[in-house]
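Could you walk me through how the two chains in this model sit around the DNA and touch each other? A plain, friendly report with a small table would be great.

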There are 2 protein chains.
Amino acid sequence: MTKAEDDVASLRHKPLTARELARLLGVSQSAVSRAFTPGSSITPELRQRILKAAAELNYHPNAIASMLSKRRSNIAGIVVSEMQNPFYPTLIEKLSRGLQRVRLQSLMFNITRGSNVEEQLVALRQYNVDAVIIISATVLSGASVRWATEGRAAVLVNRTIPDLSVTSVSCDNVEGARAIADHFHALGRHRVSYVAGLAHTSTNLERQNAFVTRVAELGMRLVHCIAGGEYSYDAGYRAGLDIARGKDTDAVFFANDILAAGGFDALTEIAKLRVPEDIAIAGFDDVALTRWPHYSLTTFRQPVDAIVDKTVDLIMQQLSDATLPSSHNALSGELIIRHSTVGKQPLEIIGENKPSPLTNSL
Amino acid sequence: MTKAEDDVASLRHKPLTARELARLLGVSQSAVSRAFTPGSSITPELRQRILKAAAELNYHPNAIASMLSKRRSNIAGIVVSEMQNPFYPTLIEKLSRGLQRVRLQSLMFNITRGSNVEEQLVALRQYNVDAVIIISATVLSGASVRWATEGRAAVLVNRTIPDLSVTSVSCDNVEGARAIADHFHALGRHRVSYVAGLAHTSTNLERQNAFVTRVAELGMRLVHCIAGGEYSYDAGYRAGLDIARGKDTDAVFFANDILAAGGFDALTEIAKLRVPEDIAIAGFDDVALTRWPHYSLTTFRQPVDAIVDKTVDLIMQQLSDATLPSSHNALSGELIIRHSTVGKQPLEIIGENKPSPLTNSL
DNA sequence: TTGAAAGCGGTACCAG
DNA sequence: CTGGTACCGCTTTCAA
């Protein structure tokens, strides 16, 4: 009855504007604006009076209007395409928090591969986002990236595009792949294999090249270099079966943890191999499942927090200085040794979260 | 053609505005606006001329300005808090796509539990989002929800708050829990246990109550009802150990798949029980890992696509009719039977994705 | 159908 | 420090 009317009324109710608030207080509208602008010239008394009244009357400055006149949206567009890998949700969550800390809201753009990508990104331009953060490892061509980022702060996360002058932040894939090769070597393994993810992505290429190179340097034999084709459990599983069929590998590096999980299950449950006695397994990323007792997977931990901090930092820098030259930032990660390479015994000695100085320094 | 070049050059830094485009074409600015507004009164010829010029000169209407005058942001705020459970990234991705289909962008609000929640949501109001979709199963109190959603289209996804007149959409947890109890019963199991997730969430309460009730109805014995405390692998693992210690359970229902995975590993690897011979295991959600051969987990599949469609639909309805009464929508899911309850043999007969009519209809 | 003009709710510059 | 006032770029009457 009255309730329904009330609801309608409250829906229709227009929020208080700065102008009205000013009129109510007998001050100018400019004063209200200043009260909400840190560092603007206004006496503390006036500001307090206005803020107090604003709180009481439930006044909030309209961000849209502010955007229009400031030509600043305080919005960061995050372009994402593959949430399947659990590494990304975590990254995005932290990134979103990091951005909120510097007063940037995250507008998510989920793009689907295949169909016209640029069309899916027109909103990026229409909403006038201040910054663009591209997390999609794939999908976007160099041209699309340039188009989406031109004229605004932009960072590519976990991906680089060589010929493009767009700043990037990622884990040091070369360091990681080398650390794993070194670790295998230190364990006395000599017949190693590599399982690739999405072949043409920078993450995969960097890990693969660094690993293959280091393996050669150390005099180990690269038995297989399998094209997983995608970063999925299934691809890892199939690769695991291939490796088992080859019967000659004693250590495998999977391009990421999900692949490694699939490979692990195939190798242990189908091929009946013992991990790590018959074959050692390592992944990349350090997602949650690597810590599950069933897997206890040796992996290279991406420095997620550092990646987020660096990204936010670079965005802020670009925002305050549009001429900032682009840079490529590879952040150092950490080898995490677990049962899948050293078995249960040594782990007690080595410690779960610290890489052994010994194996790490090879 | 020199004119066009000039124009292109001049808009290198400042994007073209409707006013300028109008001047260039010798038409009014209103005409430009109409050209971009479907269904507005303008001759097809004029519209074509304007759209053609706009495309050539790379003109895009400024969404911010449009929001300000229309008092419509075309933005949906998605409030999220726990991306750990892989069910949510999938849901959010699909939801975001569904919203894009009706021209709503998704502004993500990641809220952290504990600290002042409302403070984290002021942006929701400042950005004038048209719709609010709350996916956080926890964290938000009824009061916060009311505050965040008042005066705008809103839907709670996968959560209900009884006394609140906010529309909700979720999987039919009661149906799911009963289906699993029935399935256990059909398998001839009589000593069942339940492992709870976050105790006070509606998802957990509904599943738990329905399961416990149905178990009693069927004359089975509820051996344990374990408080997992959270929806995590570790909690499931611990619960699995507890159940094994009790030595009396022949079928367990875990409140979600992640718990079930942890429980599975604890029961098989630590307690050395055979699944499903010694103990049958079922989860809830049907996330990707349930299909991993290692787990092959029987579960109740949430109708994600239907949830997304219904949510988008309800938002659109509310947007066009502010008086729409709130409703609680429980969508029907599907029991997915895999090895963890029936073992490898029967599966060939039953088929992987279709529940057996026999076991399902009990 | 079309153009002119008045907002939408702030910001920022200018004079006092 | 404060108030007045031109915008920001688009939508939407209101006349013509």
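Around DNA strand C there are 26 residues, and those that come nearest are A:A18, A:S33, A:N62, B:S28 and B:S41. Here, a residue is near a strand if its C-beta atom, placed from the backbone, lies within 6 Å of it. This is a predicted model, where local features need pLDDT of at least 70 and side-chain atom pairs count only at pLDDT 80 or more, while totals for chains, interfaces and linings use all residues. Residues are numbered from 1 along each chain as its sequence is written, and chains are lettered from A, with ligands numbered from 1, in the order in which they are written.

Helix 2 (18–25), helix 3 and helix 5 of chain A, plus helix 3 and helix 5 of chain B, each give two or more residues to the surface near strand C. Helices (H or I, at least four residues) and strands (E, at least two) are DSSP runs, numbered from the N terminus.

Now for DNA strand D: 26 residues surround it, and A:S41, B:A18, B:S33, B:A65 and B:S69 are the closest. The table puts the two DNA surfaces side by side.

| Surface near | Gives the most | Classes of residues |
|---|---|---|
| DNA strand C | helix 5 of chain A, five residues | ten nonpolar, 13 polar, three charged |
| DNA strand D | helix 5 of chain B, five residues | ten nonpolar, 14 polar, two charged |

For these classes, Ala, Val, Leu, Ile, Met, Phe, Trp, Tyr, Cys and Pro count as nonpolar, Asp, Glu, Lys and Arg as charged, and the others, Gly among them, as polar.

So what is buried in helix 5 of chain B? The buried residues there are B:A63, B:I64 and B:M67; buried means that 20 or more other C-beta atoms lie within 10 Å of a residue's own. They sit on the same side of the helix because they cover an arc of only 105° around its axis, taking the directions from the axis to the C-beta atoms. These buried residues pack against helix 5 and helix 8 (122–126) of chain A. Just after helix 5 of chain B, B:R71 has a positive phi of about 55°.

Next, the contact between the chains: chain B puts in 38 residues and chain A 39, with two residues in contact if their C-beta atoms lie within 7 Å. The chain B side has 19 nonpolar, 13 polar and six charged residues.

Finally, strand 2 (residues 105–110) of chain A pairs with strand 2 of chain B in the antiparallel sense over three bridges; pairing takes at least two DSSP bridges. A:L107 has B:L107 as its bridge partner.

Note on methods: Buried ≥ 20, exposed ≤ 12 C-beta atoms within 10 Å, placed from the backbone.
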